[in-house]
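Some notes on this model follow, as numbered points. Please read them with the structure open.

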Amino acid sequence: MPASSRPLSLAAFAMLFALPTCMAAQSGRMTAAEYDRAVNLLGPNLTNPVIGGAVTANWLADGRFWYRATTTSGSEFRLVTPSAKRVQPAFNHATLAVALTAVSGTTVSATQLPFQSIDFSARMDSVSFNLGTRRFRCDVKGAGCVAAGNATGAALGRGGRGGRGGGVGGGRGNGGPPLNVSPDGRLGAFIRDWNLWVRDMSSGQERALTTDGIRDFGYATDNAGWASSDRAILLWSPDSRKIATQQQDERSVGEMHMLSTAVGRPALRSWKYPLPGDSVVAMVHRVIIEVESGRTVRLQMPPDFHRATLGDNLSMGDYNWSPDGSRLALVSTSRDHKDAVLKVADAATGAVRTVFKETEETHFESRTGWRVLWSTNEVLWYSQRDDWGQLYLYDLATGSLKNQVTSGEGPVTDIARIDEKARTLWFGANGREPGQDPYFRHYYRTGLDGKGVVSLTPDDGTHDVQLSPDGKYLVDTYSTPDTPPVVTVRDASGKLVMPLEKADIGPLIAVGWKPPIPITVKAADGKTDLYGLMFRPTNFDSTKKYPIINNAYPGPQSGSTGSRSFTAARGDRQALAELGFIVVTIDGRGTPGRSKSFHDAYYGAMGRDNTIPDQVAGMQDLARRHAWIDIDKAAMWGHSGGGFITAGAMFRYPDFFKVGIAESGNHDQRNYEDDWGERYQGLLVRNPDGTDNYTVEANQSLAKNLKGKLLLAHGTLDNNVPPGSTELVVDALIKANRDFDLLMIPNAAHGYGAAGNYMMRRRWDYFVRWLLDKEPPKDYEIRTGGRVGGPAQ
């Protein structure tokens, strides 16, 4: 029978960590027990690894707030009074549980109350909440509970704000299409037969808002490139009377095709998938729809390319309604992403006025988005023109620059709040606190005139804040990759008011868990500092030598390391390290979060550079400092863009990288959606000899250089990066007569789905076999969802 992972008792798990490494060397085979130890460091198996340290502040009108705290025994609702520096239970949990048990007919525990949200009465003497489909109201002292009708809010399926693409999201409503619910909650918009419809949320009655939508030229559709869903991409006006959306024209766009794996005839899947250099790509015709009359107002402007100021898909963040719904501001982005044009449309006539245009030599993006200040006829605009992401204030009427709002080194990351009356901005930014990791985010307050900057979150770490409605207080949560979250309350000047929470990671420590180690290395230029994380086995022995594996992602839209916030597990990096490796992530030049020039380091050279020189230099730097790193056994693995860099690393640095695992790689941008390559490589330019500016970047062009061990993997129904990208590399390797390994996962999409754990095991096996020269346990099965210290399964 195949070996399987078994969540262990706490004592057994501790003994497992104490196993001498010499046991693994018996007969040159790694044991199932060693794989068990690694599996128990995967996130899903670290049950309740962190207690406390998370606060979602629910602000009350009087400046107080409540939150639900996690405790060793369950949870507790707490009421915070910042002005008095006081924290207290929001109600008597014990007596409320007794009273609720009596009235609901369900046994209720005081430490595990069956609800997560409460509403206080005006007098603060009772709380109301949903329990299933019913609503109850209870005295805060627990004197009694009464039924208060049907459940309200989310329990009715009306949903809340959210969803990629902006607007107001909602549920599927009686199992139908996903609903985009209006701000007043009365209507839900959805797509049917390429047209936009609305449903009355009370009566269920439906009616069509448009009737001229046809196949591949529909309203509010979400089906360009790799994105595909039946949700409606639109933005309601604040008064719920109008909808801003687009009619997307893909009628003549080329298609991508894939076949399922099945007994008998396979099913063909075909969908619109424009590629770099295509003469026809998806175009969007901007429209405003008047909900009551169904009148469609077409904006008087040429159709836009299917582009956004950030990301691959249409973003409702690029629409901005005036409060009265009479005007709509929007941004048009050029096909190559170099131009962003701010426009204002008259919602009644469709007349469009250009406010200004910003042009970049490489590509324009807005990491924070942009905001219109309608009351003063101004716009807060994000730009990297001084090499850092900054905010600028423009006159919306004339398009002229009024002043730069933020300045200095370190990019602005988000707009936390704007108080138009007080002319005050709260914003987040990376790398502005001396001596800290440049990826740590801190928050600041400044005037819209750019004066009076105040640092609000000075503590070492990366921060998230929740501002009180009046701006007098903020809840600050901060952590680092190796220190758990701390939550404090600060005042408007950033002064500490009171500590609130400190996460308890005792359960992690008890099972031998150890945090990753932040690292700083030199880039290939020998000058630039690069940052990342290093993972070592928990039984690390400095007298031994360990192969080094780089889990890489080159960007350009993100980096290898990810968030700098504390988390118990980062994929399977620590689990892989547990098998006897040093695992690193390094954010090389060409990834975001720092300066514009840092981000653009390999613009137009996605294959030739792709951060690979920096990855090599960083690994070599670490090996010079740490004798326990065996740099002669260097490896890389990655997924998607990480698969692209991994194969490229094996082909471009064949004497350095000995083993590589390239999963679902976009190895040739000519085979990937148009928006990606044309943003970061530039528009495709064909040469007289039949090549183009993408040819030299494609991995298959260098496949003949392979010397080491390479495993290629791909899902056969990957609609993000179609499997043809990997097949191009396979074809080149065969023609070059090179040995390699290939794993095609039938009917799997980009993330492999149910086969994800199988791929993880094959990844571990490959590194164990070719870097440790050991045979992995045969047919080991990784199971997740167990609990450290739980019973064997």
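How many residues lie between β1 and β2 in their hairpin, and which residue in the turn has a positive phi?

1. The model is a predicted one. In the hairpin of β1 and β2, 5 residues separate the two strands. The turn residue with a positive phi is G63, at about 95°. Strand β1 covers residues 58-59 and strand β2 residues 65-71; they run antiparallel and are joined by 2 bridges. Across this pair, W59 faces F65 of β2.

2. Strand β2 also pairs with strand β3 (residues 74-81), again in the antiparallel sense, over 7 bridges. Here too the two strands form a hairpin, with 2 residues between them. F65 has V80 as its bridge partner in β3, and stands opposite W59 of β1 as well.

3. Further along the chain is an open sheet of 4 strands, ordered β25-β26-β27-β28 with antiparallel pairing. β25 (371-373) and β28 (401-404) each have a single partner strand, so these two are the edges and one side of each has no neighbour in the sheet. From one strand to the next the twist averages 25°. The partner of β25 is β26 (residues 378-383), through 3 bridges in the antiparallel sense; within this pair, R371 is opposite L380.

4. Helix α2 (residues 32-39) and helix α11 (residues 756-771) have axes that come within 13 Å and cross at roughly 125°. The pair is therefore classed as oblique, and the crossing is right-handed. On the α2 side the contact is made by Y35, A38 and V39; on the α11 side, by R761, W764, D765 and V768.

5. The largest nonpolar core has 39 residues. Those touching the most other members are I548, I582, V584, F651, F657, L710 and L733. Leaving aside residues up to four places away in sequence, I548 touches I582, V584, M619, L622, I629, D630, I631, K633, A634 and A635. That list includes D630 and K633, which are not of the residue types counted in a nonpolar core. Another core, of 35 residues, lies apart from this one, and has A575, A577, Y752 and L771 among its members. In soluble globular proteins, nonpolar side chains tend to be buried together.

6. Is D621, in helix α7 (residues 612-625), buried or exposed? D621 has a relative accessible area of 11%, and because the cut-off for buried is under 20%, this residue counts as buried. Beyond residues up to four places away in sequence, D621 touches V521 and K522.

Key
Residues are numbered from 1 along each chain as its sequence is written. This is a predicted model: local features need pLDDT of at least 70, side-chain atom pairs count only at pLDDT 80 or more; totals for chains, interfaces and linings use all residues. Side-chain values use heavy atoms; hydrogens and water are left out. A nonpolar core is a set of buried Ala, Val, Leu, Ile, Met, Phe, Trp, Tyr and Cys residues joined through side-chain atoms within 4.5 Å. Buried means under 20% relative accessible area, exposed over 50%, partly exposed in between (1.4 Å probe, protein chains only). Contact means heavy atoms within 4.5 Å. Two strands pair if DSSP finds at least two bridges between them. Axes are lines fitted to C-alpha atoms, for helices over the stretch in contact, and angles run from 0 to 180 degrees between N-to-C directions. Angles under 35 degrees count as roughly parallel, over 145 as roughly antiparallel, 65 to 115 as roughly perpendicular and the rest as oblique. A crossing is left-handed if the near helix is turned anticlockwise from the far one by less than a right angle, and right-handed if clockwise.
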